[in-house]
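Hi everyone, thanks for coming along. I'd like to walk you through one structure today, so please have a look at it while I talk.

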Amino acid sequence: MKTRVGVIGATGYTGVELLRLLLLHPEVEVTALTSQKYAGTEIAEVFPSLARHLSLRCEELSIDRISEKVDFIFTAVPHKTAMEVVPFFYQKGKRVVDLSADFRFQDAKVYEQWYQKHTSPDLLKESVYGLPELHREKIREAKIVGNPGCYPTGALIGLIPLVKKGMISYENIVIDSKSGVSGAGRDVVLGSLFCEVNEGVKAYNIFKHRHLPEIEGELSALAQKRISVTFVPHLIPMDRGILTTIYVHFLKQVKTEEVLNTFYQCYEKEPFIRIHPKGRLPNTKDVRGSNYCDIGVVVNESDGRGVIVTAIDNLVKGASGEAVQNMNIMLGYPETLGLDVLPLFP
Ligand SMILES: NC(=O)c1ccc[n+]([C@@H]2O[C@H](COP(=O)([O-])OP(=O)(O)OC[C@H]3O[C@@H](n4cnc5c(N)ncnc54)[C@H](OP(=O)(O)O)[C@@H]3O)[C@@H](O)[C@H]2O)c1
């Protein structure tokens, strides 16, 4: 029997991406969708891309009604809204992958410093940070998975092997990320309008982006030592994709091949990590629509400076694809089920 899945917040960018991937998944059936604005409307009217693939009406969020229809829940709603609904599904015995930030932090104090008061701090003990490359075993047993932010996914995957091996200085890590506009969601906001974004590139929220504590928290836990990074996000005029360029200093002289080998060894069994050979660097166009994270490495062998570049699709590996990967791990399905899609090139 197929797993019945519900998507809370199905009419956003990550919601529709979840639907695209879940409809490709042979072991699940989408049985409930929620929206406030489009309650009562067929999902294919909201997203004509889904016509002939899914015939289901959006409905208002009722925990009791939806719990009867589903076995597994994705919450693809803004932070704060998520913590208002996840605890109720948890009480109903449903396992949840939450795409917002509400269940990404183990420590409510950190969450409250960057977001707002957490209304279910006790539940943070039950949640696991959903980066499979770091926490696969815990994700398997988790009742609630806090799916990572899009920027942290690309940044962490580019740094995990180097931190695990203690190869770099923790004093001056610089993470420079460039994101497409879908990262801001589908809500109508001035900063996402065509004329505001098209033909321009801008940095924003330097030293105060909410993904900073997520990146630093996971790196510090891995190193068992406080790591601070300089994280500079940029908005660029494309629909989807994040290119992250990470600047590091190696503690001793290394060759590009040695660093690449560290990445190969660390990610040998990872189904969604692709490492470019020496001399080739990732491009967001090569991962578009897929759950891949592509990685490239260049080392300046004379002085130990290194640059790691990662490319992901923010809506897939940076959100909905990673969420489906987490569901697969939680339910014991092969990890690539529903996600074995080729990137859309060009
Ligand atoms: N976009 C990305 O690249 C990305 C990446 C990683 C994580 N995330 C996170 O994933 C979550 C969803 O992001 P998104 O980009 O898909 O946002 P979005 O496009 O703005 O969609 C938000 C969804 O939540 C629903 N919603 C909004 N307010 C609600 C409320 N008060 N009660 C119930 N439903 C509500 C909306 O429904 P209606 O408007 O139809 O009522 C819509 O379906 C956010 O927490 C975001 O931070 C996003």
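I'll go through the salt bridges, then a pocket, the cysteines and a surface patch.

One thing to keep in mind throughout is that this is a predicted model.

Let's start with charges. Side chains of opposite charge can pair when their charged atoms come close. How many salt bridges does the structure hold? The count is 22, and I've picked a few to show you.

Take Glu214 and Arg104, whose side chains meet in a salt bridge with an N to O distance of 3.0 Å. This pair links distant parts of the chain, 110 residues apart. Glu214 is in helix α9, residues 212–223, while Arg104 sits in the loop between β5 (95–98) and α5 (108–114). Are these two buried or exposed? Both Glu214 and Arg104 are buried.

Now compare that with Glu137 and Arg140, which form a salt bridge at 2.9 Å, N to O. Here the partners share helix α6, residues 132–141, and because they are three residues apart, about one helical turn separates them. Glu137 has a relative accessible area of 53%, so it is exposed, the cut-off being over 50%. Arg140, at 33%, is partly exposed.

My third example is Lys278 with Glu257, where the closest N and O atoms are 3.3 Å apart. Lys278 lies in the loop between β12 (273–275) and β13 (293–300), and Glu257 belongs to helix α10 (residues 256–266), so the salt bridge ties together parts 21 residues apart in sequence. Lys278 is partly exposed, at 48% relative accessibility, and Glu257 is partly exposed too, at 38%.

There is also a network of salt bridges, and it links Glu17, Arg20, Arg240 and Asp313. Hold on to Arg240, please, as that residue comes back in a moment.

On to empty space. Rolling a probe the size of a water molecule over the atoms shows where empty space is left. I'd like to show you the second largest pocket, with a volume of about 600 Å³. Its lining has 26 residues. Which of them lie nearest the centre of this pocket? They are Tyr13, Ser182, Asp239, Leu315 and, as promised, Arg240. Helices α1 (13–22) and α8 each supply at least two lining residues, and α1 gives the largest share, with four.

Helix α8 brings me to the cysteines, since Cys195 is found there. Its relative accessibility is 73%, so Cys195 counts as exposed. If you'd like a sense of scale, the C-alpha atoms of Cys195 and Val30 are 36 Å apart, with their positions 165 residues apart along the chain.

How many disulfides does the structure hold? Zero. Cys150 is a good case to look at, as the nearest cysteine sulfur belongs to Cys293 and is 13 Å away. With the disulfide cut-off at 2.5 Å, that distance explains why Cys150 is in no disulfide. Cys150 is buried, at 12% relative accessible area, and Cys58 is buried as well, at 2%.

Last stop, the surface. Val188, Leu190 and Leu193 form a nonpolar patch there, with about 330 Å² of accessible area together. Leu190 is placed in the loop between β8 (173–179) and α8 (194–197). With 60% relative accessible area, Leu190 is exposed.

That's my tour, and I'm happy to take questions.

Key
Residues numbered from 1 in each chain as written. Predicted model: local features only at pLDDT ≥ 70, side-chain atom pairs only at ≥ 80, totals over all residues. Heavy atoms only, no water. Patch = residues over 30% accessible without salt bridge, like charges linked within 9 Å, V, L, I, M, F, W, Y side chains within 5 Å. Areas by Shrake-Rupley, 256 points an atom, 1.4 Å probe, with all protein chains shown as cover. Salt bridge = Lys/Arg side-chain N within 4 Å of Asp/Glu carboxyl O. Buried < 20%, exposed > 50% of the residue type's maximum accessible area, 1.4 Å probe, protein only. 1 Å grid on protein atoms, 1.4 Å probe; cavity = no way out; pocket = protein on both sides within 12 Å on 5 of 7 lines; lining within 4 Å. Points joined across faces, edges and corners; volume = space filled by probe spheres on them.
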